[in-house]
Amino acid sequence: MTDAMVDAGLRCRGWRQEGLLRLLENVLAVGEDPARLVVYAALGRAARDWPSHDAIVTALKDLRDDETLVIQSGKPIGILQTHSRAPIVIMANCNIVGRWATPENFYALEEKGLICWGGLTAGDWQYIGSQGVIQGTYEIFMRIAEKHFGGDLSGRIVLTAGLGGMGGAQPLAGKLAGAAILCVEVDPVRIAKRLEIGLLDVVAASLDEALDLAQEAKSQRRALSIGLTGNAAEIFPAIAARGLVPDVVTDQTSAHDLVYGYVPLGRTAAEMPGLRSDSALLIREGRASIAEHVRAMLAFQRAGSIVFDNGNLIRSQALEGGVADAFDIPIFTEAFLRPLFSRAIGPFRWIALSGARSDIVRIDQLVLDSFPDNAVVTRWIRLAREHVPVEGLPARIAWLGHGERTRLALEVNAMVRTGELAGPVGFTRDHLDAAAMTHPTILTENMLDGSDAIADWPLLDALAMCSSQADLVAIHSGGGGYAGFSTSAGVTVIADGSAAADERIALALTNDTALGVMRYADAGYADAQDEVRMRAIRHIALEQS
Ligand code: NAD
């Protein structure tokens, strides 16, 4: 965000439209490859192509309050006459009918220009760069620390790979949790980028040096992040062969996408674009490499490391590559986060649409004052305000649950109204949220009632958000290697200080988390059933019991 943008007046007919336009600009500003409209995860795009992008911008600038812009897979299709309480934007990205939802069909449809993948928060303009991912990764590390290491990761070594759009947050997240974290990345350009923006402390020249640095930091209980250029499929087995057992092992390479993402053994990142025309070769080589990569992760697990899949499909690819026990590695959601999701506690974010850092500083203080007994949130806010660099529009994320999100957003809307903040604030959340996602190998793996693959919940969530006055509502399904793996819903509400925004916030944010609690209560989670009773959520079966 430049100062010019801070000062700029409205370019649209109102803040609802202007807010969404600024969020679209922002995902490109913080994205990995804006020239290709790619925000993260190899292919997650903000719009289908540049003509579509430009047409979205033009439409947003002219859109009236009683109109709704309809976007299909990143392309604006039309404007509907609705009413002033209807969403300003609705979108459906990359939803292919079940049997046809394969990576091969996805790539063919993408090639024809008929579809694009919105990732989770890329296509619906909610991504806030490392400001968001750092917290999600930190939260996972802290759950592991609480469960296995007495509270933090000091004196522990974390081994991981991938320093891309989202994976680039790992070094700082690990460091904030107290660890010596070693990050293997095949592309030296990505390492240099993370070093430059301060997410990474040092780059080791060799594996020996990397391990020495990690061991020394461990013995001094000193938090340190170390980058190492190399292929994880080579480096992980090399570390295992030396008998070194990291305390925690995970991976955030783009293993979900073997054509545009994961770099197979013996290949360089630079040569990948030239190989993409032979997708069969890349898929074959990628799966063979991931098999080695995951075998090493399994060896670490057998030797005592806490190993987890961080949501990049690496186990599914390894299974295809012949590693029959790949799913012995647990998914992070089931292993560490399900009790939180049962109470609809998840990654909630707010974005200062004015571009003023001072707005985030003020809201940080509001959160500290409003939730003094929430140790997880207050600890995070204190760390974030000291360590998390601003990227694009200043933003913050914190894991808040049912009722808490609404309360905070209403208080912020009042601050916008009274002029305590420099401008309106956008509220949104990750798709990885209680009601919002069905992903049978990430969020909903091993649900108590076996409802892992039922996609009704995110669809109901999106419908509920449209009827609860949200400003933007999106339905996404997986693309690239994720094709056929997930369906999720995105929601954004713009707090412009108005009474109408109070109503939108109260309805949309409350109903979103209420549905999330109901989803887990329905699946039989005791925490969710307890939440239903404590918060008087109207879950019919429990009301009747
Ligand atoms: P990205 O494409 O921006 O970055 C991936 C990085 O991995 C790149 O820097 C690439 O050079 C590197 N890489 C590829 N192959 C490698 C190899 N063999 N060895 C070492 N490095 C290699 O992707 P991203 O946005 O950082 O996301 C990474 C993955 O994590 C994706 O699959 C994404 O969907 C997933 N993800 C999951 C969650 C979640 O559910 N918790 C959150 C964030 C990201």
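## Reading a predicted chain

Analyst: Let's start at the surface: the chain exposes about 19500 Å², and 54% of that area is supplied by carbon and sulfur atoms. Please keep in mind that this is a predicted model.

User: Thanks! What makes the chain as compact as a globular protein of its length?

Analyst: Two values are set side by side here. The radius of gyration is 22 Å, and the globule rule gives 24 Å for 545 residues. These values are close, so the chain counts as being as compact as a globular protein of that length. Along the principal axes, its C-alpha atoms fill a box of roughly 65 × 55 × 55 Å. The secondary structure comes to 20 helices and 17 strands.

User: How many of the contacts with a separation of 6 or more join residues 24 or more positions apart?

Analyst: Such pairs account for 70% of those contacts. As for burial, 59% of the 545 residues are buried.

User: Why is serine 486 called buried?

Analyst: Buried means under 20% relative accessible area. Serine 486 has 8% relative accessibility, so it counts as buried. Serine 486 sits in the loop between strand S16 (472-477) and strand S17 (487-495). Setting aside residues up to four places away in sequence, serine 486 touches Thr438, His439, His476, Ser477 and Gly478.

User: And what makes proline 339 partly exposed?

Analyst: Partly exposed is the range between under 20% and over 50%. Proline 339 has a relative accessible area of 45%, so it belongs in that range. Proline 339 is part of helix H13 (residues 332-342). In sequence, proline 339 and alanine 528 are 189 residues apart, while in space their C-alpha atoms are 8.2 Å apart.

User: What is notable about the phi of cysteine 94?

Analyst: Its phi is near 70°, which is positive in a residue other than glycine. Most residues other than glycine have a negative phi. Cysteine 94 is in the loop between strand S5 (89-93) and helix H4 (103-111). With a relative accessible area of 1%, cysteine 94 falls under the 20% cut-off, so it is buried.

User: Where does glutamine 469 lie, and is it buried or exposed?

Analyst: Glutamine 469 is found in the loop between helix H17 (456-466) and S16. Its relative accessibility is 9%, under the 20% limit, so glutamine 469 counts as buried. Glutamine 469 also has a positive phi, of about 70°, although it is not a glycine.

User: Which residues touch the most other members of the largest nonpolar core?

Analyst: They are Val89, Trp125, Trp350 and Trp380, in a core of 135 residues. Helix H5 (residues 130-148) gives the largest share of this core, eight residues.

User: How do you know where this core lies relative to domain 1 and domain 2?

Analyst: Look at who contributes. Domain 1 (3-30 + 47-117 + 338-544) and domain 2 (130-330) both give residues to the core, so it lies between them. Apart from this core there is another one, of 38 residues, including Ala233, Phe236, Ala318 and Ala326.

User: Which residues is valine 89 in contact with, leaving aside its neighbours within four places in sequence?

Analyst: Valine 89 is in contact with Leu20, Leu60, Thr68, Leu69, Ile71, Trp125, Asp471, Leu472 and Val473.

User: How many residues of domain 1 and domain 2 are in contact with each other?

Analyst: In domain 1 there are 26 residues in contact with 25 residues of domain 2. The centres of domain 1 and domain 2, taken over C-alpha atoms, are separated by 28 Å.

User: What names does UniProt give to residues 9-125, 129-336 and 339-533?

Analyst: These names come from an unreviewed UniProt entry:

- Residues 9-125 carry the annotation "domain: Urocanase N-terminal"; the span is 32% helix and 20% strand, and its end C-alpha atoms lie 21 Å apart.
- Residues 129-336 carry the feature "domain: Urocanase Rossmann-like"; the span is 47% helix and 12% strand, with end C-alpha atoms 23 Å apart.
- Residues 339-533 carry the annotation "domain: Urocanase C-terminal"; the span is 46% helix and 18% strand, and 16 Å separate its end C-alpha atoms.

Notes:
Residues are numbered from 1 along each chain as its sequence is written. This is a predicted model: local features need pLDDT of at least 70, side-chain atom pairs count only at pLDDT 80 or more; totals for chains, interfaces and linings use all residues. Side-chain values use heavy atoms; hydrogens and water are left out. A nonpolar core is a set of buried Ala, Val, Leu, Ile, Met, Phe, Trp, Tyr and Cys residues joined through side-chain atoms within 4.5 Å. Buried means under 20% relative accessible area, exposed over 50%, partly exposed in between (1.4 Å probe, protein chains only). Helices (H or I, at least four residues) and strands (E, at least two) are DSSP runs, numbered from the N terminus. Domain bounds come from an automatic or database domain assignment. Contact means heavy atoms within 4.5 Å. UniProt positions are given in the numbering used here, feature names are shortened, and annotations may be inferred rather than shown by experiment. The radius of gyration is taken over C-alpha atoms; the globule rule is 2.2 Å times the number of residues to the power 0.38. Accessible areas come from the Shrake-Rupley method with a 1.4 Å probe; for residues, only the protein chains shown count as cover.
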